[in-house]
Amino acid sequence: MGKTVGTLQLLMGCCKTTSESDGCQNDTDDISKLPAPPPHQLKEYGYKELAAATGYFSGDCLLGEGGFGQVYEATLDGEKVAIKKLKIIKLENKLEESEFLTCVNHPNIVKMIGLCREGSNRVLVLEFVPNKTLTYHLHDEKNKTLDWPTRMKIALESANGLLYLHQDCKIIHRDMKADNILLDNNFNAKVADFSLSNFLSDTDKVSHITSLFRGTNGYADPEYGNIQKISNKLDVYSFGVILLELITGRKPCSDHGDATIVKWAKSRIGQALYENDCTSLVDPRLKQYEEEEMIRMIYCAAASVYKPSSFRPNMEHVRVYICG
């Protein structure tokens, strides 16, 4: 326990690099040194073909709706896919989204298969992920409780996907939330809905730009206002909220609107870390969990949501310490 707490204090201080820590150091370094995967060929679809495949964007085919558009279930070329009809949003990027999305290729990221860009229409064809969202499995009372190994697996795989976006693709998601973590039938996690995120040349730099989309309530970093400082620390904050959901089983915002999970958890995290008592913090439905894994996840969540952005860990630090 002493070694775990000692190394995790480095995370809270963010004063050392991952090369100075143990745990998953070698795995992370190896991943960062691998060459980027080659771009995959996107198929161009006609708008009429995609409209017909979704029953002309019928509500019967609607899977969900996010800040960037509606997502529909369809079958194309004999394969089940998700079709995302984008809202009209002025892009702030210098590159067309389709140009850099071809380079996004990771097992923990929802794959882009094709697109339509006829006239003013922008429609994406995406990998279909069959087992709904993390939100559904954590917060729908009809579902079986996610056990601790599954929660750890989802946390680590989501961190892998987000780290890949930041480090390899220089993409800031800007709407990380449990709804945007999709699960397959083996509960493998895939990060979704990053397609119109800002594309930056250097994720360590902070640029000032006006944003048309500022994340989802409960997950949005409170430091950022109408004129945002855009950096990857936005995603780190949101990911910390997701970790709190996995730890506590609570929604990011109370159904009664009286408190966010970040406010609710603050005093309870202190009790867990300094008094070694997690009972008031941990999801009461969890009957068993690994204590050291739980402590690591609590430290990661606390460092991600309670520190000012300039002192937060980056996703590489978070991923290393979740792994242990």
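This passage describes the nonpolar core, a helix pair and two loop residues of a predicted model.

In soluble globular proteins, nonpolar side chains tend to be buried together. The largest nonpolar core of the model comprises 57 residues, among which Leu 134, Phe 239, Leu 243 and Ile 298 touch the most other members. At least two residues of this core are supplied by each of α5, α6 (148-167), β7, β8, α7 (233-248), α8 (261-274), α9 (291-305) and α10 (315-323). When residues up to four places away in sequence are not counted, Phe 239 touches Ala 155, Ser 158, Ala 159 and Leu 162, together with Met 176, Met 315, Val 318 and Ile 322.

The helices α6 and α7 pack with their axes 11 Å apart and at an angle of about 175°; because angles over 145 degrees count as roughly antiparallel, α6 is described as roughly antiparallel to α7. On the α6 side, the contact involves Trp 148, Arg 151, Ala 155, Ser 158, Ala 159, Leu 162 and His 166, which meet Asp 235, Phe 239, Leu 243, Glu 245 and Leu 246 in α7. The residues of this contact divide into seven nonpolar, two polar and three charged.

Positive phi values were also noted in two loop residues that are not glycine. Lys 132, with a phi near 65°, lies in the loop between β6 (123-127) and α5 (134-139), and its relative accessible area of 46% makes Lys 132 partly exposed. Phe 187, with a phi of about 60°, is placed in the loop between β7 (181-183) and β8 (189-191), and Phe 187 likewise counts as partly exposed, at 23% relative accessibility.

Terms used:
Residues are numbered from 1 along each chain as its sequence is written. This is a predicted model: local features need pLDDT of at least 70, side-chain atom pairs count only at pLDDT 80 or more; totals for chains, interfaces and linings use all residues. Side-chain values use heavy atoms; hydrogens and water are left out. Helices (H or I, at least four residues) and strands (E, at least two) are DSSP runs, numbered from the N terminus. Buried means under 20% relative accessible area, exposed over 50%, partly exposed in between (1.4 Å probe, protein chains only). A nonpolar core is a set of buried Ala, Val, Leu, Ile, Met, Phe, Trp, Tyr and Cys residues joined through side-chain atoms within 4.5 Å. Contact means heavy atoms within 4.5 Å. Axes are lines fitted to C-alpha atoms, for helices over the stretch in contact, and angles run from 0 to 180 degrees between N-to-C directions. Angles under 35 degrees count as roughly parallel, over 145 as roughly antiparallel, 65 to 115 as roughly perpendicular and the rest as oblique. Ala, Val, Leu, Ile, Met, Phe, Trp, Tyr, Cys and Pro count as nonpolar, Asp, Glu, Lys and Arg as charged, and the others, Gly among them, as polar.
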